[in-house]
Amino acid sequence: MKTIIGLEIHVQLATATKLFCGCSTDYRDDEPNTHCCPICLGLPGALPRLNRKAVEYGLKVAKALDMEVPEESEFARKNYFYPDLPKAYQITQYDKPLAVAGTVEIEDDEGHEKLVRITRVHLEEDPGRLVHVTGGSKYSLVDYNRSGIPLLEIVTEPDMRSPQEARRFLNKLRTVLEYLGVFDGDREGSLRVDANISLEGSERVEVKNISSYKGVEKALTFEVTRQKNLLRRGQKVTRETRHFMEGRGITTSARSKEEEHDYRYFPEPDLRPLRVADWVAAIDLPELPVARKNRFMAEYGISLNHARTLTGDPKLADFYEEVAEIDPVLAATWVADTLLGELNYRDMDIAAVPPGHIRELLGLLKTETITDAAGVQVLREMLDACARGSPCESPVAIMKREGLGKATGSEYAPIVQGVIAANPQAVEDYRAGKKGALNYLVGQVMKETRGRADPRELGRIVSECIDTDRV
Amino acid sequence: MAGTLDFSPDDRYNAFITTCREAPFSDGRLAGVAVAVKDNISTAGIETTCGSRILEGYVPPYDAHVVGLLRNAGAAIVGKTNMDEFGMGSTTETSAFGPTRNPVDQTRVPGGSSGGSAAAVAAGLVPMALGTDTGGSIRCPAAFCGVVGLKPTYGRVSRHGLIAYANSLEQIGPMARTVEDASRLMSVIANYDPHDSTMLDKPYNHRPIAEIAGLRVGVPEEYFGEGVDPRIAKTVRDAVGVLEDLGAGTVPVSIPGMRHALAAYYVICTSEASSNLARFDGVRYGPAVDTRKSWHEAYQDLRRELFGPEVRRRIMLGTFALSAGYAGRYYAKAQLARRNIQQDFERAFRKVDIVAGPTMPTVAFRLGEKTDPLSMYLSDILTVPANLAGIPAISVPCGRVDGLPVGLQLMGRPFEDERVVDAAFAYEQEVRA
């Protein structure tokens, strides 16, 4: 049974001011209703004035997704009553969107490249936000700080075939948006998704307002199971809108098709039609993820996997380019595998890591001043300090303080002798031809030297010692 | 010479909803001149109701662009004038604050919806006032009360702060006893405002000139035919004769799109109104909504109670006209009819410079006379074409029938407000002399 998924993504554009007024969009830690004016409060008589930057950002996305920008697009009113919607209509675009017909390249479930078609993108205003007072209160509060934040709605064709594909699509889209600098992914609610999902031959269900993009895969996986179970029991999937309960990981029925709103769209008479097709040529696009990935492979000689990981986040890619010089392949391994793993473990952002320190660490590794194992220890010490907000000690300083510099042969000869003396059985096994016994002995020395010795060199020395002993 | 104007008028005609007893003013072109403002134009700190109970107690925190311009020009804003509720009416009888009476004959309506502004000017309470015109709301009361009223070209005066009834049709405009004063007020309010995206930067800086020799005046048959009181038709033809005497030439023209004008107008204005008025739900304006009910039910009950019957009727008509499955038949058709009328006028204006006809098909109605909404809608037939076409139109008094004033309506090309003002001025100077 084929799964058919299409997405509608609402992206908050990172403009300094709102879509139709001069209010600042940066209200993150501010009191409710402090970023408002007659326009975004929808006061009677106030007229919308279109933010040019928001149009440019929308066109930037359109260009990056290879879309067509029609000669003329138009704003329209979407009429509905809701307490967070101050004008009782949302200014959006209906039958004349900003741009149409684009594509995004993703990997399908077999690892092959595939294209997801983008139907359209259009601009619209975010409504306010209801705040439900806890504790059995008889009222809710409305915060209009969000009212009028510019949204770009991106609508795909039903081209995705699994929840995993949908997640990969969103990851890809998000990366492109971050590369374009039109979107701040760290902002709560800056990317919200409605997903349409059906099993081939059955009715379509819309899951609304999934606020984390990781939630999309969860919500869709739940829906696939729910719909398959319905069909297995001989029941039908009903066409309806469902809500995703993030905490419980399930969807619940919100309204059936019969209850669907009639939004009574009509052209917004307070705004002129938008004729911006000729702006597109002047828009400079930065290097986009696919191009950067290809360049990383060609220029730095790193693997596809490393290139893909490093270019998956523009900040990470920039970071890599700052430290790559010493040894691009070594740097790719350390940044894409080791550093990223340690950051994820600590829930830290790459922005918290000073590139100079990593350059220094790579230098120590490159010159074999420390071993890989000791390098990881230095890195962990350093990140722990950064995470605590302490001043970031340099790798050289940590190495010296902790005595993690690479041990030399003379330094660990007594340790080797000690280990051989303490493990006669292992020595015996080694002599009997058991290779594993050598690894065990080397491991014991490594433990004693806290990873400061080079395991390959150590293997040679341990076996030499045992062999010499026999003679 | 900044100061305060004491304003305590004998408002026996109920022209005002709010009066400002002490109206501050400053230096400028209109220093110390008392100006009344229609109650659908936002005034910071002064209650603005649109003649509706649903906005009772609403004090805007900001000035409409035109009000800011008035204050900068030194005018004293002395009060907010009565109007049909949200501009929906041609008599000022649908106001929640009682009807305004016509100063010429107190048993008659002043026309509407800017009836309060027209009455305040006609009664001499103020020399000039602001009105708004969506389908004739400046010109109708100007004609009925015997004053001058100009509906500017769409996009010539900022609508920012005008509480919208039908955004694509309406303009704020001046009302005064003389063309000269109307023109003076126009030159203050017609100034570019980037807040209004439908506006062009074409300020009006004009002193009327009574020189119209060679002006080509179009006389459309539709303006003198069926439904127009023959005595009004004759009075207006005589007025056109005066223009001829002053050297203008007359040319018969035709606006065939007129036969769909009213239908198109009422579909468009009610559609836009149904959307504009949806925000009045008792949460932010007017008496508070009953929070014990479910919110949809509470909105419904409050709106049913606080909107008057004419407003409810138009909201329902507009909601219907925009509904899925009907929008194509009504809203889209109305836009086509609107384009036809625009093209009719464009065609006419290739042959003539202005178009002349009566403002209203009859004289002022008796209070309470128009009980049937349809007959009231029909009285707008001669004014709505200018709104649909977006062209400037002025009404200037041109005589009387049964002792009641008759208005001569002069329409011009888009952004040629100066030309209709000059023609009205020439007529006024000639008949006054």
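Which residue of β13(A) does A76(A) stand opposite? The first legend below has the answer.

This is a predicted model, in which local features need pLDDT of at least 70, side-chain atom pairs count only at pLDDT 80 or more, and totals for chains, interfaces and linings use all residues. Residues are numbered from 1 along each chain as its sequence is written, while chains are lettered from A and ligands numbered from 1 in the order in which they are written.

**View 1. An open sheet in chain A has the strand order β3-β2-β13.** Its three strands run antiparallel to their partners; strands here are DSSP E runs of at least two residues, helices are H or I runs of at least four, and both are numbered from the N terminus. Two strands pair if DSSP finds at least two bridges between them. Strand β2 (residues 76-79) of chain A shares two bridges with β13(A), and here A76(A) sits across from P267(A). At the edges are β3 (89-92) and β13 (266-267) of chain A, each with a single partner strand, so one side of each has no neighbour in the sheet.

**View 2. Domain 1 of chain A meets domain 2 of chain A.** The assignment, automatic or from a database, splits chain A into domain 1 (3-282), domain 2 (289-402) and domain 3 (409-470). Taken over C-alpha atoms, the centres of domains 1 and 2 of chain A are 36 Å apart. Each of these two domains puts five residues into the contact, where contact means C-beta atoms, placed from the backbone, within 7 Å. On the domain 1 side, helix α2 (residues 163-180) of chain A gives the largest share, four residues. By class, that side has two nonpolar, one polar and two charged residues. Nonpolar covers Ala, Val, Leu, Ile, Met, Phe, Trp, Tyr, Cys and Pro, charged covers Asp, Glu, Lys and Arg, and the others, Gly among them, are polar.

**View 3. V59(B) lies in a loop of chain B.** Look for V59(B) between β4 (34-38) and α1 (65-72) of chain B. Is V59(B) buried or exposed? V59(B) counts as exposed because it has 11 C-beta neighbours inside 10 Å; the cut-offs within 10 Å are 20 or more other C-beta atoms for buried, 12 or fewer for exposed, and partly exposed in between, with C-beta atoms placed from the backbone. Leaving aside neighbours within four places in sequence, V59(B) touches G45(B), I46(B) and E47(B). G112(B) is 53 residues away along the chain from V59(B), with 24 Å between their C-alpha atoms.
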